[in-house]
Every structure is written in structure tokens, then in C-alpha cells.
Amino acid sequence: MLKKFLLIGVLLSLVWPVWPAEAAAVTVLSQAKTSEKVIALTFDDGWDNRTCQAVRQILADHGVLATIFPVGSWAAGNSSVLKDFLADGHELGNHSMTHPKLTMLSLAQQERELREAQAVLERIGGQQATNFMRPPYGAYDKNTLQAAARLGLQPITWSIDSWDWRDIPVEQVVRRTVDAAKPGGVILMHLAGRNTVKALPRIIKGLQDKGYTFVKLSQLFGQAGAPSHVSAGSPVQITYQQEPITLQPGAKLIGGVTYVPCREFLQHFGWRVVWNGTQQAALCQSGSSQLLIHARDENQAPGITGRLIGGKLYVPLRAIAGQLGLQISWDGQARMVNLR
């Protein structure tokens, strides 16, 4: 009898498919791998806007740029506050739509939390809405990583918790933050923390006295070679002379701007594209015509500036179409661009 059951088990294993769990395609960042004395200030919020302008003024007074992680539902009702930060040069990251503990939700629920929040941030911040996603409470599981991968988001936590949200002496907040600093570190603070306003100037000065330079997350992890300043975006259909252009990956609408994958788009029109990883730029050539497209505009180099999305260079369609002598018409309802 035992042999019979074993035989049945073997036969079932041959005809009954075993589906492996979907593998997470992203890892969680907390600190950049660098020997340079650079460090990132990040601020979570979603509850109170009374101290936001005070934090903004402190950052402006010290010439420091930061990454803000607002909860989507709060961001939707406080867009003017966030636009003030964006006007100063700060950037936005995803902190979920309603600030739940993601590990208590299903994969579909987690994906909805992140997708809805990203849509809010992109409406408010456009290109200043990064792909960085910070799970509430720093809690995540395999479903979180799968949801992030599907949406093109990069999970990130922190290497230093300032404890600015705790009811403790300000001196303790300052000391634990400054003493724990290491190159490539990520500091967690809050726009509405109990001690944020009092501790922030001292933290900035303490770290600057130790030789640290403050950078945004997109700069910090761009230097370390990780995905930088990317966004999931919404799909857009591209046609040429009324005929669809098939691009894999496809075009994306990000902050009201249509982006196309550089290599695939130009190759469709007969261009040759060569990527230079050292310069983070693509050299594009068609006959005697040449075009240089940069992944970032930090050095204000000549040429077109694109952005990295999932490790692939994307370029604004309008900019690249102009170089190719193409005219554009946009159908917003159908999310379609026609080139001619």
C-alpha cells in the first residue's frame, strides 16, 4: 500500500505544476556604499503641518536639501506645503497612502497603497517625485518587495533613527544622530516630531563640523550606483504617421511629461545608441548626426537630459522628437502621442 501511494505521488508531481512564489526584484536600501562624507536627511510626515515651514526655513538657512516622505492622503490635502519644499529643491518619496503597517496587508492591498500614493506625489511633484519608497514603521515583507518591484519603486529605510519623535531631551536626539553618522548614512527625522525644530539646526551643524555634506537620496544612491530618481509612471501609446510604434519597455507619462526608452525609440528610427557607464550618458548616432543624452543634469553638460527608470535610460519625448525633426500631437483622453 505504501509503495502504491508513493507511486501516485510521483505521478502527480509529473503532471501537477508547482508554481514558485514570485521572486522579489528589489532589495531594501538603508545606507549607500561610499567612502565620501556624504549623508542624507529624510523626513517622514502625514499628521501635522504646523512645523513644516519651520523645518523648511532651517534647511534653507543652512543650504541643506532633503528627501520628504509624506503619507499620500496627507500630501493630497497639503500640496501647497509640499510645493514650497519642492520650490526649494527638495524631493519627494513614497510613504504609502494611509500609513498602515504593510505587513498586515495582502499583496494587492500593499500594491494599492503604494500605487495611489505615487500617483498623488507625481501630481504634486512631477519629476521631483522619486521612486524611493519608505514602508511605514520600517516594516516590510516579501509582498512589499514584490509590490515595489511591480511599481518600479525602490524601498529604503534608514541607518540612523534620530528619535526626534520621542519625548526625550533634545540633547539626546542630537547626540545619537551625530555620533552614529557614517559616510553614506540615511537619517530618519519627521516634519512634525516633538524635537525636530529644536534638534535639526544642531544636527546639521554637528555633522557639518565633522566634515559631512548633505545630499538628497537621489544624489546619494546615484553616487553609489543604485537606481536614482525614477518613477513608475503611466503607460502611453506612441504612433508614427498613425501607425503604432511598439516599444519594450513602453513609453511612460511622468509628471505630465512623456518619456520614451532612449535606445529602443532611437533604434526604431535607425539610430545607433552606445551607453557610457562612466559618464552616465548615451552617445547616439545616425550618419553624420550625433546626439548626447545624459542620465542626470548635475554637471549641466550639453545635450539632452534623461532619467534612469529601472536601470534603463528614458528621455523626454518632446526633446528627442525635436532633434529628429518630428512634430507631436497629444491625445490626453486616449493617452496617445502621434508623431509625424
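In which loop is the place of Gln 241? Gln 241 sits in the loop between strand S9 (234-240) and strand S10, where helices (H or I, at least four residues) and strands (E, at least two) are DSSP runs numbered from the N terminus. This is a predicted model, in which local features need pLDDT of at least 70 and side-chain atom pairs count only at pLDDT 80 or more, while totals for chains, interfaces and linings use all residues. Residues are numbered from 1 along each chain as its sequence is written, and side-chain values use heavy atoms, with hydrogens and water left out.

**Backbone angles in loops**

Most residues other than glycine have a negative phi, and most peptide bonds are trans. The table lists places in this model that can be read against that background.

| Residue | Angle | Place |
|---|---|---|
| Gln 241 | phi near 55° | loop between S9 (234-240) and S10 |
| Trp 163 | phi near 65° | loop between S6 (160-161) and H7 |
| Pro 249, joined to Gln 248 by a cis peptide bond | omega about 5° | loop between S10 (243-245) and S11 (251-254) |

Gln 241 counts as partly exposed because its relative accessibility is 47%; buried means under 20% relative accessible area, exposed over 50%, and partly exposed in between, using a 1.4 Å probe and protein chains only. Val 28, in the loop between helix H1 (2-15) and strand S1, is also partly exposed, with a relative accessible area of 24%. The C-alpha atoms of Val 28 and Arg 134 are separated by 9.3 Å, although these residues are 106 residues apart along the chain. Leaving aside its neighbours within four places in sequence, Val 28 is in contact with residues including Tyr 140, Leu 145 and Pro 155, where contact means heavy atoms within 4.5 Å.

**Nonpolar cores**

In soluble globular proteins, nonpolar side chains tend to be buried together. A nonpolar core is a set of buried Ala, Val, Leu, Ile, Met, Phe, Trp, Tyr and Cys residues joined through side-chain atoms within 4.5 Å. The largest such core here has 41 residues, and those with the most contacts inside it include Ile 39, Phe 43 and Leu 200. Among the elements that each supply at least two residues of this core are strand S1 (38-45), helix H5 (107-125) and helix H8 (196-209), and the largest share, five residues, comes from H8. Leaving aside its neighbours within four places in sequence, Ile 39 is in contact with Ile 160, Ile 187, Leu 207 and Phe 214, among others. A second, separate core of 27 residues includes Ile 293, Ala 295, Leu 317 and Leu 339.

**A buried glutamate**

Glu 113 lies in helix H5. Which side chain of opposite charge is nearest to Glu 113? That side chain is Arg 112, 6.7 Å away, and Glu 113 is buried yet has no salt bridge, a salt bridge being a side-chain nitrogen of Lys or Arg within 4 Å of a carboxyl oxygen of Asp or Glu. A polar atom of the Glu 113 side chain lies 2.8 Å from the backbone nitrogen of Met 97.

**An open sheet**

Four strands form an open sheet of mixed pairing in the order S13-S14-S15-S16, where two strands pair if DSSP finds at least two bridges between them. Its edge strands, S13 (272-276) and S16 (304-305), each pair on one side only. Strand S14 (residues 281-286) and strand S15 (residues 289-294) pair in the antiparallel sense over six bridges, and the bridge partner of Leu 283 in S15 is Leu 292.

Methods
Lys and Arg count as positive and Asp and Glu as negative; His and the chain ends are not counted. A polar contact is a pair of N or O atoms within 3.5 Å; within protein, one must be able to donate a hydrogen and the other to accept it, and residues adjacent in sequence count only if both atoms are side-chain atoms.
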